[in-house]
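Here are some friendly notes to read alongside the model. Please keep the structure open while you go through them.

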Amino acid sequence: MPETSENPDQGDRLAARADGLKEAWAATLDDMDALAAEYEADGWATLTIPAGHTATEAPESGDEERFGLVYVIPDNYAEEFSDVFDDGEFPRYDVFRNESHGQVFLVTLLADPDSETAVFVAGGFERRGSRPLMGAASEAGTMYTHLQTLDGTRLGSFEHDDPEKFFPATDYDAVR
């Protein structure tokens, strides 16, 4: 006879969490598209990229010289992103975030005003795993965004002077 959970409501809670996460991800993608449409209406060229995976990377998790949010983007976006990245400077950025069920969903805007080009990258990560990154960003006073493909090919990195845009002030203050 198959084993069953001692808590019959656990399956319902897991299903509700999964549904909530799916809805939050869909809302994040909708937000990304709406933000891109605003920039396009102002004459900017835009590129929207839904990350296949997003990780918080602290120096102790691998390369001690590299930390930040790592967006793993699908191969079908890699060439277009590389072309845009090679042609721009992208000194402006912003972060649009929301949380649902312990998951942080965000859209990172990378903007090059000179060429009027904007890249929007959507992703999500588990909030509880972000503490080491918050500590590294706090200590350095800077934050990074990295884009790479699934095979680890690094496509581009961006430095940001305000780590607090990526994390809520209450979380960020906790690691200081």
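The points below cover the basis of the model, its charged side chains, one helix and a few backbone angles.

1. A word on the basis. This is a predicted model, in which local features need pLDDT of at least 70 and side-chain atom pairs count only at pLDDT 80 or more, while totals for chains, interfaces and linings use all residues. Residues are numbered from 1 along each chain as its sequence is written, and side-chain values use heavy atoms, with hydrogens and water left out.

2. Salt bridges. The structure holds five of them, a salt bridge being a side-chain nitrogen of Lys or Arg within 4 Å of a carboxyl oxygen of Asp or Glu. One of them pairs Arg128 with Glu126, with N to O at 2.9 Å. Arg128 is exposed at 72% relative accessibility, whereas Glu126 is partly exposed at 38%. For these words, buried means under 20% relative accessible area, exposed means over 50%, and partly exposed lies in between (1.4 Å probe, protein chains only).

3. A shared partner. Arg97, Glu99 and Arg127 are joined into one network by salt bridges that share partners. Glu99 meets Arg97 at 3.5 Å, N to O, and the closest N and O atoms of Glu99 and Arg127 are also 3.5 Å apart. Glu99 sits in strand β4 (residues 92-100) and Arg127 in the loop between β6 (117-126) and α3, so this pair ties together parts that are 28 residues apart in sequence. Helices (H or I, at least four residues) and strands (E, at least two) are DSSP runs, numbered from the N terminus. Each member of the network is partly exposed: Arg97 has a relative accessible area of 28%, Glu99 of 30% and Arg127 of 32%.

4. A buried serine on β4. Ser100 also belongs to strand β4 and is buried, with a relative accessible area of 15%. The C-alpha atom of Ser100 is 9.6 Å from that of Arg127, a residue 27 positions away along the chain.

5. The acidic patch. Please look at the surface around Glu79, Glu80, Asp83, Asp86 and Asp87, which gather in a patch of negative charge. Patches take residues with over 30% relative accessible area and no salt bridge, joining like charges within 9 Å and nonpolar side chains (Val, Leu, Ile, Met, Phe, Trp, Tyr) within 5 Å. Asp and Glu count as negative, Lys and Arg as positive, and His and the chain ends are not counted. One of the patch residues, Glu79, is placed in helix α2 (residues 75-87) and is exposed at 62% relative accessibility.

6. Helix α3. Which residues of helix α3 (residues 131-140) are buried? They are Leu133, Met134, Ala136 and Ala137. Seen down the axis of α3, these buried residues fall within an arc of 165°, so they line one face of the helix. That arc is taken from the directions from the helix axis to the C-beta atoms. Just after α3 comes Gly141, with a positive phi of about 70°.

7. Two backbone angles to check. Most residues other than glycine have a negative phi. His101 has a positive phi, near 50°; this residue is in the loop between β4 and β5 (103-112) and is partly exposed at 44%. Glu116 likewise has a positive phi near 50°. Glu116 lies in the loop between β5 and β6 and is partly exposed, at 37% relative accessibility.

Definitions and conventions: Accessible areas come from the Shrake-Rupley method with a 1.4 Å probe; for residues, only the protein chains shown count as cover. The place of a charge is taken as NZ of Lys, CZ of Arg, CG of Asp or CD of Glu.
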